Amino acid sequence: MPSTKAADVHAPAPASASASSAELAELVYRQLVLLGEDPERAGLVKTPERVAGALAWLTRGYAMDARSAIGEAVFEEAHESMIMVRDIELYSLCEHHMLPFFGKAHIAYIPDGRIVGLSKVPRIVEVFARRLQVQERLTEQIAEAVEEVQRPRGVGIVIEAYHLCMMMRGVEKQNSKTITSALRGLFRDDFKTRDEFLRLAHGPIGA
Ligand SMILES: [Zn+2]
C-alpha cells in the first residue's frame, strides 16, 4: 500500500498510476482519431498525456476520505451556536457527461462539544467534489461526512452550481443555476434553525 497521506493533494502519484495513466493517454489518442482529428499534429502531440493527467487530478477524490482530510483538526469546544462556512468554491465533473459543474457550497453545523478547524471544511468538499458526481449525491455525501466526523447536533449544506453539460449543449438553460440542499438533525427538525440557516445560505453576502 502506498504510504502517502490520502488527503495530501500534492502527494506523488503511486507507481501503479503511471501505468494506468499511459493506458488512459492511449484512449485519449484513440478518441482524437475517432473525432476526426490528427493526434500527430503539433498542437495535439502532448494532448493525450495532458488529458490523462488532468483527469487523474480532477478525480483524485477517490483516493481521499473525509476523516484524513480533516486530520487532527477536531477540537473540544463548548460552542453551541451555528457555525457556517459560506462560499466554498467547488469544481466537480458530472457523471453523465464528464463535463464540469462548478459553483459554491455553504456548510453549517451546530456542534455538540466538537468543532473542526475552519480551514478544513473546504477539504471535505474537495474529497467528494473531485470524483464523477451528481450534485444531489455530492450534497448528501458532504452532509454525511460532516455528521460522521463531528457528530454535531445538526448539519446543513446548500450547493449552488452551474452545469456545463446544460450550458454548452444548447439546452437553453445557459443561466440556470441548480440548487441542492441537505438538512440533518436540528436543521431538519427545528424550524428556527432551518430558517436561520437558509437565510444565511441564500443571503446577499458575496452573492
Ligand atoms: Zn451532465
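## The turn after α5

Just after helix α5, Arg 151 takes a positive phi of about 45°, although Arg 151 is not a glycine. The residue belongs to the loop that runs between α5 and β6. Because 15 C-beta neighbours lie inside 10 Å, Arg 151 counts as partly exposed. As with everything described here, this value comes from a predicted model.

The helix that precedes this loop, α5, covers residues 135–150 and has 16 residues. From its first C-alpha to its last, α5 reaches 23 Å, close to the 22 Å expected at 1.5 Å a residue. Several residues of α5 are buried, among them Leu 138, Ile 142, Ala 145 and Val 146. The buried set also includes the polar residues Gln 135, Thr 139, Gln 141 and Gln 150.

## Overall content and confidence

The protein chain has 207 residues, of which 27% count as buried. Its secondary structure comes to eight helices and seven strands. Among contacts with a separation of 6 or more, 71% are between residues 24 or more positions apart.

The mean pLDDT of the chain is 87, and 88% of the residues reach 70 or more. Among the elements, β5 has the highest mean pLDDT, 98, and β1 the lowest, 79. Over residues 1–13, pLDDT stays under 50. For that stretch the model has 17 contacts beyond four places in sequence. Where pLDDT is low, the predicted coordinates should not be read in detail.

## The five-stranded sheet

Five strands form an open sheet in the order β5-β2-β3-β6-β7, with mixed pairing. The edge strands are β5, at residues 132–133, and β7, at residues 178–185, and each pairs on one side only. Helix α4, residues 121–129, packs on the sheet and touches β2, β3 and β5. The direction of α4 makes about 20° with that of β2.

Strand β3 pairs with β2 in the antiparallel sense over nine bridges. It also pairs with β6 in the antiparallel sense, over 10 bridges; here β3 comprises residues 100–110 and β6 residues 154–163. Individual positions show the register of these pairings. Phe 102 of β3 stands opposite Tyr 91 and also opposite Tyr 162 in β6. Gly 103 stands opposite Ala 161 in β6. In a regular strand the side chains alternate between the two faces of the sheet.

## The β2–β3 hairpin

What backbone feature marks the hairpin of β2 and β3? The hairpin has five residues between the strands, and within it Met 98 takes a positive phi near 55°. Met 98 is not a glycine, and it lies in the loop between β2 and β3. With 12 C-beta neighbours inside 10 Å, Met 98 counts as exposed, because the cut-off for that class is 12 or fewer.

## His 79 in the β1–β2 loop

His 79 is found in the loop between β1, residues 74–76, and β2, residues 83–94. It is partly exposed, with 13 other C-beta atoms within 10 Å. Leaving aside neighbours within four places in sequence, His 79 is in contact with Pro 111 and Ile 115. The C-alpha atoms of His 79 and Ile 110 are separated by 8.4 Å, although the two residues are 31 residues apart along the chain.

## Helix α8 and its two sides

Helix α8 consists of 12 residues, 191–202, which should span 16 Å at 1.5 Å a residue. Its end C-alpha atoms are 16 Å apart, in agreement with that expectation. Within α8, Thr 193, Phe 197 and Ala 201 are buried. These three cover an arc of only 60° around the axis, which means that they lie on the same side of α8. An α-helix has 3.6 residues a turn, so residues three or four places apart point the same way.

Which residues are exposed on the other side of α8? They are Phe 191, Lys 192, Asp 195 and Arg 199. The buried residues of α8 are covered by elements that include β3, β6 and α7, the last at residues 186–189.

How values were computed: Residues are numbered from 1 along each chain as its sequence is written. This is a predicted model: local features need pLDDT of at least 70, side-chain atom pairs count only at pLDDT 80 or more; totals for chains, interfaces and linings use all residues. Helices (H or I, at least four residues) and strands (E, at least two) are DSSP runs, numbered from the N terminus. A residue is buried if 20 or more other C-beta atoms lie within 10 Å of its own, exposed if 12 or fewer, and partly exposed in between; C-beta atoms are placed from the backbone. Two residues are in contact if their C-beta atoms, placed from the backbone, lie within 7 Å. The expected span of a helix is 1.5 Å times one less than its number of residues. Two strands pair if DSSP finds at least two bridges between them. Axes are lines fitted to C-alpha atoms, for helices over the stretch in contact, and angles run from 0 to 180 degrees between N-to-C directions. pLDDT is the predictor's confidence in each residue, from 0 to 100. The arc is that of the directions from the helix axis to the C-beta atoms.
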